[in-house]
Amino acid sequence: MAKVAIMGFGTVGSGVYEIIKDNASRVAENAGEALETKYILDIRDFDDHPDKHLFTKDVNDIINDSEVSIVAEVMGGLHPAYEFTKSMLMAGKSVVTSNKELVATYGTELLGIAEEKNVNYLFEASVGGGIPVLRPLSRCLAANNITRIAGILNGTTNYILYEMFTNNKSFNDALADAQANGYAERNPAADIEGHDACRKIAILASLASGVEVDAERISTEGIVDITLDDVKCAEAAGGVIKLIGYADIADGKVYSHVAPMFIKNDNMLSGINGVFNGILITGDAVGDVMFYGAGAGKLPTASAVVADMVDSAIHSSRRKLIGWKKPETDIMDDGAEKSFRYLIRCKNTEQEIMALTNTGIVYNENGTVAFTTEAMTAKECTTLSDKLGKVESAIRILD
């Protein structure tokens, strides 16, 4: 029997507790032994909980207990999650987590400690909630050179954009609706400004490339500037707008961004709606592979956490090989030579547009014109926009 601990008893932590308890026989069958929760760490009191004897407010109870071999960190945030996780690994305990901010920021260091101590640091739940994607990326697609990742990685922004397209809601109204339904936090900045998706694409790109991709150097835009005019133009062009975490991997370099992108209706990502996530991974041998499902939520996320706990039990004597290393050289491509087509919305006339670029107009109503460009760099797009002088938005196209 493996003794385990849960750090944090919020939405995900309580889900982890429930799955270990309610699905005990299934978990034991897959792990080769039963998992028994010995501690739950939380600063709050749970006097009415049926297992109130499991709760502790002192992290040292877990660190110093040699019986505990696996710890689930589901606290969220950087501190004290980083310090607690590091202490657990240093004490020879495997740690699993749903904390994408921690993995994106300190993952390289924590993976190094896990390797040194011959324990596991696993984080399937940090990307895509309950969607199995990190394990397939590292194992099932191991024969491939991963060349591209494009993903809808944030359910909140996907819900907002879906409401804008489907119900003609303004950004502010769609955000308020998301908050009322519990899909967006009171302070939604991490979602709508793209930071959450940035951390997730950094983890995916690091795993795919085998070296650390610095989230701080990923160009990140949110959806706060998307308007109903953009929606109308995208619909007229035969597609939708999604917040995309994007990474290209080639010749030892990684280019990555998070930004709203125009997607044609025949693209697999276009039909992923509401709070669901979808991740399109391209390998040089397998081609395109899609991962789809619930990107968040109590039990979907907890399901991925417990799966990592099962994996840690199975690999208790020989650690599971998953992760990345610190790069020996700078692997980040600044994207200066990266070309995309653009969907441009402006107040210029068709004649003014055609005088500067050989392109087709996709929308022309009430003084607003939209057109798609040929592939060009960001600098070339800026130059074109400056020449037009009346550009209101320029959105990359995901081809």
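## Helix H4 and its surroundings

Let's start with helix H4, residues 81-90 of this predicted model. Which of its residues are buried? They are Ala-81, Tyr-82, Phe-84, Thr-85, Met-88 and Leu-89. These residues span an arc of only 165° around the axis, so they sit on the same side of H4. That fits a general rule: an α-helix has 3.6 residues a turn, so residues three or four places apart point the same way.

Both ends of H4 are worth a look. In the loop between strand S4 (68-73) and H4 you'll find Pro-80, and the peptide bond leading into Pro-80 from His-79 is cis, with omega near 10°. After H4 comes Gly-92, with a positive phi near 85°.

## Strands S1, S2 and S3

Now for strand S2, residues 35-41. Five of its seven residues are buried, so S2 is largely enclosed by the rest of the structure.

S2 pairs with strand S1 (residues 2-7) in the parallel sense, over six bridges; one bridge joins Ala-5 to Tyr-39 of S2. S2 also pairs with strand S3 (residues 55-56), again in the parallel sense, over two bridges. Here Leu-41 has Thr-56 of S3 as its bridge partner.

## Aromatic rings and charges

The model has twelve aromatic pairs. Take Phe-9 and Tyr-17: their ring centres are 5.8 Å apart and their planes meet at 75°, so this pair is edge-to-face, which calls for an angle over 60 degrees. Both Phe-9 and Tyr-17 are buried. Ring pairs also tie Phe-9 and Tyr-17 into a cluster with Phe-46 and Phe-55.

Which charged residues lie over the ring of Phe-340? The charged end of Lys-338 sits over this ring, 5.9 Å from its centre. Arg-396 lies over the face of Phe-340 too, at 5.9 Å from the ring centre.

## The largest pocket

The largest pocket has a volume of about 1400 Å³. Its lining takes in 47 residues, and those nearest the centre are Val-12, Lys-100, Glu-185, Asp-196 and Ala-296. Six helices each give two or more residues to this lining: H1 (11-22), H5 (100-117), H7 (155-167), H9 (189-192), H10 (195-209) and H12 (298-314). H10 gives the most, with three residues.

## The cavities

How many cavities of 30 Å³ or more turn up in the whole structure? The search finds two, and the largest holds about 50 Å³ of space. Residues lining the largest cavity include Val-103, Tyr-106, Thr-108, Ile-203, Ser-206, Glu-212 and Trp-324. The elements giving two or more residues to that lining are H5 and H10, with H5 supplying the largest share, six residues.

## Two loops with an unusual backbone

Most residues other than glycine have a negative phi, and most peptide bonds are trans. Asp-251 is not a glycine, yet its phi is positive, about 55°. It is in the loop between strands S9 (239-250) and S10 (253-264), and at 80% relative accessibility it counts as exposed, since the cut-off is over 50%.

Asn-366 is not a glycine either, and its phi is positive at about 50°. Asn-366 belongs to the loop between strands S14 (361-365) and S15 (368-372). Is Asn-366 buried or exposed? With a relative accessible area of 75%, Asn-366 is exposed.

Key. Residues numbered from 1 in each chain as written. Predicted model: local features only at pLDDT ≥ 70, side-chain atom pairs only at ≥ 80, totals over all residues. Heavy atoms only, no water. Buried < 20%, exposed > 50% of the residue type's maximum accessible area, 1.4 Å probe, protein only. Helix = DSSP H or I, 4+ residues; strand = E, 2+ residues; numbered from the N terminus. Pairing = 2+ DSSP bridges. Phe/Tyr/Trp six-rings, centres within 6.5 Å; stacked < 30°, edge-to-face > 60°. Lys NZ or Arg CZ within 6 Å of the ring centre and 35° of its normal. Arc of directions from axis to C-beta. 1 Å grid on protein atoms, 1.4 Å probe; cavity = no way out; pocket = protein on both sides within 12 Å on 5 of 7 lines; lining within 4 Å. Points joined across faces, edges and corners; volume = space filled by probe spheres on them.
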